[in-house]
Amino acid sequence: MTAIPRDLGLLPLVGVVAMHFLSGSAAGQAAEPALERHTFAEPHMGTRFKIILYAPDQATAQQAARAAFARVAELDRIMSDYDAASELMQLCRKAGGPPVRVSEDLFRVLLRAQEMSRRSDGAFDVTIGPVVKLWRRSRKTLRLPEPTALRQALELVGHQRLRLDESTRSVQLLQPGMQLDLGGIAKGYAADAAQQVLRKHGIHRALVAAGGDIVVSGPPPEAPRGWTIGITPLDDDPTTPPKRYLTLQNAAVSTSGDAEQYVEIECRRYSHIVDPRTGIGLVGRVSATVVARDGTTADSLATALVVLGPDKGMPVIDATEGAAALFIRKTEAGEEARMSQRFSQLAYREEAR
Ligand code: ADP
Ligand code: MG
């Protein structure tokens, strides 16, 4: 028997760098033989949500997974920017007006987003909406955004123009036309929330993957070191086995990069991640994998690291408690990897190709 069975059922994942999950490195040592492994998947938030959990029986597993997915669906209804009826879109329509009281979830995710904006010196910014819209159009038309349109959109961007008041749980967008985009943080937040629901159902050994945003609780019974998660290299065929692996428990890992969502115009490749200071989609083939204590942090920090690049971004990672990162850039000479200080403390393995 091979030491690590591959879980091909998890492929392919949509959105970011596809990841493979493996578990069970110590075959035969069933510490808790009463627990069975169950796998569930549903589409949410424009990606594939996957839950792998250990439960004493099928009914417990199903109830827990169903409740977790229902929670994710609830968050999607709040945070979607594709759904005009979402709470987020309703809030954006009131941009330029007085403060608006919002739900606890929306308030909490915006607080976390603002915290990440401050930490990353504005590289992560959920007010990026108007600019992201222009780039979405570019992906369809294969033409760069008009410079004037881009300039106007940029005038609506800036986390200082988003005001949060904790005492009234209210949000104010200071300028009319502002648009919030939670695409860089909502999936991590939803994966955290799904894990909370699973815990309430007594599930303490689970993996929740929202595309490339993954949150794990306790390890699989047969793999006490944790969940082994493979990071698929940039541009690789997602069916190729990854060469980089992380083994984690009670942690989160997110990968951001240009894997699938990019547009190529005049031989340059622009990512769906935009630099809020210039309004330009990131150029070049990079991917940032960030490990953190929770999914909300990992998701937003990975997006920030792509924007900042390793020289400016790694100090932000090092300053974040419990965070570690791997930054990969593809050049003509091959792949260039950079690791944060704490990365060497992780259970990380790289196979020769
Ligand atoms: P993915 O959506 O592929 O998982 P990310 O977590 O990096 O990748 O999020 C990218 C999304 O975040 C974009 O599609 C866009 O909606 C939003 N976004 C783009 N640039 C920024 C930015 N500088 N700060 C915050 N969010 C951003
Ligand atoms: Mg992100």
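## Close-ups of a predicted model

**View 1. A facing pair in the sheet.** Zoom in on this predicted model and you'll find I214 standing opposite V253 in β11. The two strands here are β8, covering residues 213–216, and β11, covering residues 251–257. They run antiparallel to one another and are joined over four bridges.

**View 2. The whole sheet, strand by strand.** Step back and β8 and β11 turn out to belong to an open sheet of eight strands. Reading across, the order goes β2-β3-β7-β8-β11-β15-β16-β17, with antiparallel pairing. Which strands sit at the edges? Those are β2 (36–44) and β17 (334–339), and each has a pairing partner on one side only. From one strand to the next, the twist averages 10 degrees.

**View 3. Two helices lying across strands.** Helix α1, made of residues 58–79, lies across β2 and β3 (47–55). Its direction is about 150 degrees to β3. Helix α7, residues 295–318, lies across β8, β11, β15 (286–292), β16 (324–331) and β17. Against β15, helix α7 runs at about 120 degrees.

**View 4. Where to be careful.** The protein's pLDDT averages 89, and 88% of the residues score at least 70. Residues 1–18 are another story: pLDDT stays under 50 there, though the model has 53 contacts for them beyond four places in sequence. Residues 24–28 also fall below 50, with 15 contacts in the model beyond near neighbours in sequence. Where pLDDT is low, don't read the predicted coordinates in detail.

Conventions. Residues are numbered from 1 along each chain as its sequence is written. Chains are lettered from A and ligands numbered from 1 in the order in which they are written. This is a predicted model: local features need pLDDT of at least 70, side-chain atom pairs count only at pLDDT 80 or more; totals for chains, interfaces and linings use all residues. Two strands pair if DSSP finds at least two bridges between them. Axes are lines fitted to C-alpha atoms, for helices over the stretch in contact, and angles run from 0 to 180 degrees between N-to-C directions. Two residues are in contact if their C-beta atoms, placed from the backbone, lie within 7 Å. pLDDT is the predictor's confidence in each residue, from 0 to 100.
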